[in-house]
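Reader: I should like to learn how the features of a protein model are read, beginning with the pairing of strands. Could we go through the model step by step?

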Amino acid sequence: MRGMIQIYGFIGFLKLLFMKLNTLLFFSKSRLIRYPIIIRGKKNIDLGINLTTGVGCRIEAFSKKNKKVIKFGENVQINDYVHITAMNNVSIGDNVLMASKIYISDCSHGFYEGGENDSNPDLIPIKREYKISSVIIEDNVWLGEFVSILPGVKIGKGSIIGANSVVTKDIPSKSIAVGSPAKVIKQFNEGTKKWEKI
């Protein structure tokens, strides 16, 4: 207890204790839910086991079929001001670590691919048809600060997404990707057991 007080200070320790008690009462399978937090559509969210959140997180599920559309695995840690929204499927694997101010969504207002379903810019954004496509984040992924993950993306097991990256396409397992749009710059070589540049 003394070590916790040294880390958080006395007032910070009391706040942490209050949040831990709230977690035990209202989120019994979670490790620690920090407040404030916004959870919309809780019945459509599976918070997994041993979830830890930072402050100011926003988790929103808008399911028309009354099913779980956001699913956390075991031992997921999301830090401050992470925003996750889903209409169909956002799946987060085990032992995923997220830094702060991350955005993850399986939906967006409109289509902009250059096809016949493209949204008309004369139509106000809120009225445009939703593009909905699953997001899958596999086990042991680490997402850096300010990462955005857009609809239709799969991030493979053990990968790292660098700070400020915007992920618009799949990232293979055991890769490091950075940039906007994110591109793979390194992959883990199983033979040499080293990260190697692409």
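**Strand pairing, burial and overall form**

Author: In this predicted model, Arg 40 stands opposite Glu 60, a residue of strand E4. That facing pair is a way into the sheet.

Reader: In which sense do E1 and E4 pair, and over how many bridges?

Author: Two strands count as paired if at least two bridges link them. Strands E1 and E4 are joined by four bridges, in the parallel sense.

Reader: What is the order of the strands in the open sheet?

Author: The order is E1-E4-E7-E10-E15-E18, six strands with parallel pairing. At its edges lie strand E1 (37-40) and E18, each of which pairs on one side only. For context, the protein has 21 strands and one helix.

Reader: How should burial be read, and is Val 69 buried or exposed?

Author: A residue is called buried when its relative accessible area is under 20%. Val 69 has a relative accessibility of 0%, so this residue counts as buried. Val 69 is located in the loop between strand E4 (57-61) and strand E5 (70-72).

Reader: Which residues are in contact with Val 69, once neighbours within four places in sequence are left aside?

Author: The contacts of Val 69 are Asn 44, Ala 61, Phe 62, Ser 63, Ala 86, Met 87, Asn 88, Asn 89 and Val 90. For one of these, Asn 88, the C-alpha atom is separated from that of Val 69 by 5.2 Å, although the two residues are 19 apart along the chain.

Reader: Where is Ser 165 placed, and what does Ser 165 touch?

Author: Ser 165 belongs to the loop between strand E17 (160-161) and strand E18 (166-167). Its relative accessible area is 0%, and therefore Ser 165 is buried. Not counting residues up to four places away in sequence, Ser 165 touches Phe 146, Val 147, Ser 148, Ala 177, Val 178, Gly 179 and Ala 182.

Reader: What percentage of the residues count as buried in the protein?

Author: Of its 198 residues, 38% count as buried. The protein exposes about 11,400 Å², with carbon and sulfur atoms supplying 56% of that area.

Reader: What do the contacts, the spans and the charges add to the picture?

Author: Among contacts between residues at least 6 apart in sequence, 26% join residues at least 24 apart. The C-alpha trace spans about 60 × 50 × 25 Å along the principal axes of the protein. As for charge, the mean positions of the 28 positive and 17 negative charges are 7 Å apart.

Conventions:
Residues are numbered from 1 along each chain as its sequence is written. This is a predicted model: local features need pLDDT of at least 70, side-chain atom pairs count only at pLDDT 80 or more; totals for chains, interfaces and linings use all residues. Side-chain values use heavy atoms; hydrogens and water are left out. Helices (H or I, at least four residues) and strands (E, at least two) are DSSP runs, numbered from the N terminus. Buried means under 20% relative accessible area, exposed over 50%, partly exposed in between (1.4 Å probe, protein chains only). Contact means heavy atoms within 4.5 Å. Accessible areas come from the Shrake-Rupley method with a 1.4 Å probe; for residues, only the protein chains shown count as cover. Lys and Arg count as positive and Asp and Glu as negative; His and the chain ends are not counted. The place of a charge is taken as NZ of Lys, CZ of Arg, CG of Asp or CD of Glu.
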